[in-house]
Amino acid sequence: MKQQAIWIMAGLAAAATGGAGAAPVNYVLPEEKARLTDSPLPGYALATTLCYTCHSVDYVKVQPVSARTYWKATVVKMQKTFGAPIPDEAVEPLTDYLVKTYGSERAKPAIPLPPGKG
Ligand code: HEC
């Protein structure tokens, strides 16, 4: 029993001093797997150069189906609020690609989805 208490004390002491001489922590990020959906729209090429730098494009893919206004506001938010280097003239083509690929203007599925699933 006494032996066990000593080990606990030693553990606490190690934890307490750990902060002072902390070694740098290296992270190996997992390989990015998410990809934007191919498209002949000019915004696709822009998105592949402008939207992969800060975060996964899963952010784009998991958004609810939304209108053009939402996608435009999102692109402008990336540009103005988060400082993404998106030229002003790229905002419209990016919005167009996003709304037609992930938003309310995307092609309807050939087979209608059951009610409530579309
Ligand atoms: C300069 C870095 C940067 C770039 C480049 C960038 N984003 Fe973002 N994005 C952010 C940040 C920061 C957030 C929000 C923070 C978070 O939740 O992790 C975000 C969040 C999002 C979201 C989640 C919804 C929301 O409004 O927060 C979407 C969708 C998105 N970005 C789309 C895009 C698209 C499309 C592009 C390319 C046009 C893009 N991002 C480029 C920084 C960036």
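This tour moves through the structure from the whole chain to its helices, its core and its ligand.

Before selecting anything, note that this is a predicted model, in which local features need pLDDT of at least 70 and side-chain atom pairs count only at pLDDT 80 or more, while totals for chains, interfaces and linings use all residues. Residues are numbered from 1 along each chain as its sequence is written.

**The whole protein**

Start with a cartoon view, where you should find five helices and zero strands; helices (H or I, at least four residues) and strands (E, at least two) are DSSP runs, numbered from the N terminus. Of the 118 residues of the protein, 14% count as buried, where buried stands for 20 or more other C-beta atoms within 10 Å of a residue's own, exposed for 12 or fewer, and partly exposed for anything in between, with C-beta atoms placed from the backbone.

**Helix H2**

Select H2, residues 42-50, and show the side chains of Gly43, Leu46 and Ala47, which are buried. Looking down the axis of H2, you will find that its buried residues fall within an arc of 100 degrees, so they line one face of the helix; the arc is that of the directions from the helix axis to the C-beta atoms. H5 is included in what covers these buried residues of H2.

**Helix H4**

Next select H4, residues 68-81, whose 14 residues reach 19 Å from the first C-alpha to the last, close to the 20 Å expected at 1.5 Å a residue (the expected span is 1.5 Å times one less than the number of residues). Its buried residues are Trp71, Val75 and Met78, and, seen down the axis of H4, they fall within an arc of 55 degrees, so they line one face of the helix. Turn to the face of H4 directed away from that buried side, and you meet the exposed residues Thr69, Lys77, Lys80 and Thr81. After H4 comes Gly83, whose phi is positive, near 75 degrees.

**Helix H5**

Now select H5, residues 88-101, in which Leu94, Thr95, Asp96, Tyr97, Leu98, Val99 and Thr101 are buried. The buried residues of H5 pack against H2, H3 and H4. For a single example, pick Val99, which, leaving aside its neighbours within four places in sequence, is in contact with Arg68, Trp71, Ser104 and Glu105; two residues are in contact if their C-beta atoms, placed from the backbone, lie within 7 Å.

**The core**

Select Leu46, Ala47, Cys51, Trp71, Val75, Met78, Ile86, Leu94, Tyr97, Leu98 and Val99 together, since these eleven residues form the largest nonpolar core, a set of buried Ala, Val, Leu, Ile, Met, Phe, Trp, Tyr and Cys residues joined through C-beta atoms within 7 Å. H2, H4 and H5 each supply at least two residues of this core, and the largest share, four residues, comes from H5.

**Around the ligand**

Finally, centre the view on the ligand, which 19 residues surround, the closest being Cys51, Cys54, Tyr59, Phe82 and Ala84; a residue is near the ligand if its C-beta atom, placed from the backbone, lies within 6 Å of it. H2, H3 (58-61), H4 and H5 each supply at least two residues of this shell, and H4 gives the most, with four residues. Coloured by kind, the shell residues divide into 13 nonpolar, five polar and one charged, where Ala, Val, Leu, Ile, Met, Phe, Trp, Tyr, Cys and Pro count as nonpolar, Asp, Glu, Lys and Arg as charged, and the others, Gly among them, as polar.
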